[in-house]
Amino acid sequence: QVHLVESGGGLVQAGGSLRLSCAAAGNIVFDTYDMAWYRRAPGKQRELVASIVSGGSTNYADSVKGRFTISRDNAKHTVYLQMNSLKPEDTAVYFCNAVLSHDRTYPFWGQGIQVTVSS
């Protein structure tokens with residue numbers, strides 16, 4: 001079982017920055033997990049924002065490329081999402097996701113954290 005706790009959300013003006021953190025707890029080998037951030041905006045479906053696999057390769061949604069950076073600290077069991085040049089359309093609940101890189105059957109989710117970008 002993996003318990004994910006997000007932090008770092010809040011209200012920011014357009015053009016500003018936030019850094020989300022997701023700490024993973026449990027009897028796990030963190031560096032065997034692929035990690036990702038998803039978001040769900042009001043009235044929209046959940047979408048993948050960024051992912052980082054156990055080996056460190058990253059992937060981004062086109063809408064956030066060049067503005068967001070995902071990273072991980074395996075020693076701290078934590079994944080980060082640095083969000084720069086935020087836009088009102090980035091407003092959403094952001095969710096942390098973890099899944100074993102060699103067995104993606106059982107993904108784990110955080111409770112979600114609100115990010116609001118004012119214009």
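Which residue lies over the face of Trp 109? We'll get to that below, starting with the aromatic residues of what is a predicted model.

## An aromatic pair and an arginine

The answer is Arg 46, which sits over the Trp 109 face at 3.9 Å from the ring centre. Arg 46 also lies over the face of Tyr 38, this time at 5.8 Å from the ring centre.

Those two rings belong together. The structure has 1 aromatic pair, and it is made by Tyr 38 and Trp 109, arranged edge-to-face with 5.0 Å centre to centre and 65 degrees between the planes. Tyr 38 is in strand E4 while Trp 109 is in strand E10 (residues 103–109), so the pair ties together parts that are 71 residues apart in sequence. As for how much of each shows, Tyr 38 counts as partly exposed because its relative accessibility is 23%. Trp 109 is partly exposed too, with a relative accessible area of 32%.

## Trp 37 and the nonpolar core

Now step back one place along the chain to Trp 37, which is in strand E4 (residues 33–40). Is Trp 37 buried or exposed? With 0% relative accessibility, Trp 37 counts as buried. Take a look at Val 49 as well: Trp 37 and Val 49 are 12 residues apart in sequence, yet their C-alpha atoms are 5.5 Å apart in space.

Trp 37 is also part of the largest nonpolar core, a set of 33 residues. Trp 37 is among those with the most contacts inside that core, along with Leu 4, Met 35, Leu 81, Met 83 and Tyr 94. Several strands give two or more residues to this core, including E4, E5 (47–52), E8 (78–83) and E11 (113–118).

Met 83 is worth a look of its own. Not counting neighbours within four places in sequence, Met 83 is in contact with residues including Leu 18, Leu 20, Phe 68, Tyr 94 and Val 115. Gly 16, Ser 17 and Arg 67 are in contact with Met 83 too.

## The disulfide

There's also 1 disulfide in the structure. Generally speaking, a disulfide is a covalent bond between the sulfur atoms of two cysteines. Here the partners are Cys 22 and Cys 96, with their sulfur atoms 2.1 Å apart. Cys 22 is in strand E3 and Cys 96 in strand E9, so this pair ties together parts that are 74 residues apart in sequence.

Which hand does the disulfide have? The torsion about the S-S bond is about -85 degrees, so the disulfide is left-handed. Cys 22 counts as buried at 0% relative accessibility, and Cys 96 is buried with a relative accessible area of 0%.

Definitions and conventions: Residues are numbered from 1 along each chain as its sequence is written. This is a predicted model: local features need pLDDT of at least 70, side-chain atom pairs count only at pLDDT 80 or more; totals for chains, interfaces and linings use all residues. Side-chain values use heavy atoms; hydrogens and water are left out. Helices (H or I, at least four residues) and strands (E, at least two) are DSSP runs, numbered from the N terminus. Buried means under 20% relative accessible area, exposed over 50%, partly exposed in between (1.4 Å probe, protein chains only). Rings of Phe, Tyr and Trp (its six-membered ring) pair if their centres lie within 6.5 Å; planes under 30 degrees apart count as stacked, over 60 as edge-to-face and the rest as tilted. A charge sits over a ring if NZ of Lys or CZ of Arg is within 6 Å of the ring centre and within 35 degrees of the ring normal. A nonpolar core is a set of buried Ala, Val, Leu, Ile, Met, Phe, Trp, Tyr and Cys residues joined through side-chain atoms within 4.5 Å. Contact means heavy atoms within 4.5 Å. A disulfide is a pair of cysteine sulfur atoms within 2.5 Å.
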